[in-house]
Amino acid sequence: MPVSDPVGDLLTRIRNANSANHESLEIEASNLKIEVVRILHEEGYLKSYEVIKQPVQDKIKVTLKYGARNREKVITTLKRVSKPGLRVYRSHDKLPTVLRGLGIAIVSTSQGVMTAKKARKLGIGGEVLAFIY
């Protein structure tokens, strides 16, 4: 079934699996979703991810990360910023910081998907996709 907001769907699936304390989940793959999951993994919010090749639609297997003690959640909030009905664009000097640098903002730029911190360093703006902390 086609989804009108693939990034919003990805974040909702991760949020729901995290709330239910699931170990992993599978999501239909796209280049944008793979890049968002890659950033979440690099920033330490996910344990691992793997792209599973299939004949019709590839899938991404995401393994969630929990704290060692009492399985506390590493991801507390996943918030979609730019939505299909209201796109949010920012120049490099107006890119947001999340929780004074404790969280990350994911930005889609002309040079690919990256964190707001990296985009600020490169001096490029773009569409603010999500906040994660």
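What follows is a short chat about a predicted model.

Biologist: What is the strand order of the open sheet, and how do the strands pair?
Modeller: The three strands of this predicted model come in the order β1-β3-β2, and the pairing is antiparallel. The edge strands are β1 and β2, residues 46-52, each of which pairs on one side only. From one strand to the next, the twist averages 20°.

Biologist: How many bridges join β1 to β3?
Modeller: Five bridges join β1 to β3, the strand of residues 59-64, and the two run antiparallel. Ile27, for example, has Ile60 as its bridge partner in β3.

Biologist: And how many between β2 and β3?
Modeller: Six bridges, again in the antiparallel sense. Ser48 has Thr63 as its bridge partner in β3.

Biologist: Back to β1. Which side chains point to which face there?
Modeller: β1 covers residues 24-28, and its side chains alternate. Leu25 and Ile27 point to one face and are buried, whereas Ser24, Glu26 and Glu28 point to the other and are not buried.

Biologist: Which strands does helix α1 lie across?
Modeller: Helix α1, residues 6-19, lies across β1 and β3, and runs at about 165° to β1.

Biologist: And helix α2? Which strands, and what angle to β2?
Modeller: Helix α2, residues 31-42, lies across β1, β2 and β3, at about 155° to β2.

Biologist: Asn18 is in helix α1. Buried or exposed?
Modeller: Asn18 counts as buried, because its relative accessibility is 5% and the cut-off for buried is under 20%.

Biologist: What lies 2.8 Å from a polar atom of its side chain?
Modeller: The backbone oxygen of Ile75 lies at that distance from the Asn18 side-chain atom. Setting aside neighbours within four places in sequence, Asn18 is in contact with Leu64, Tyr66, Lys73 and Ile75.

Biologist: Tyr66, then. Which charged end sits over its ring?
Modeller: That of Arg71, 4.2 Å from the centre of the Tyr66 ring.

Biologist: How many aromatic pairs does a search of the whole structure find?
Modeller: Zero.

Biologist: Different topic: where is Lys121, and is that residue buried or exposed?
Modeller: Lys121 is in helix α3, residues 116-122. Lys121 counts as exposed because its relative accessibility is 72%, and the cut-off for exposed is over 50%.

Biologist: What separates the C-alpha atoms of Lys121 and His92?
Modeller: A distance of 8.4 Å, with the two residues 29 apart along the chain.

Definitions and conventions: Residues numbered from 1 in each chain as written. Predicted model: local features only at pLDDT ≥ 70, side-chain atom pairs only at ≥ 80, totals over all residues. Heavy atoms only, no water. Buried < 20%, exposed > 50% of the residue type's maximum accessible area, 1.4 Å probe, protein only. Helix = DSSP H or I, 4+ residues; strand = E, 2+ residues; numbered from the N terminus. Pairing = 2+ DSSP bridges. Phe/Tyr/Trp six-rings, centres within 6.5 Å; stacked < 30°, edge-to-face > 60°. Lys NZ or Arg CZ within 6 Å of the ring centre and 35° of its normal. Axes fitted to C-alpha atoms, helices over the stretch in contact; angles between N-to-C directions. Contact = heavy atoms within 4.5 Å. Polar contact = N/O pair within 3.5 Å; in protein donor to acceptor, adjacent residues only side chain to side chain.
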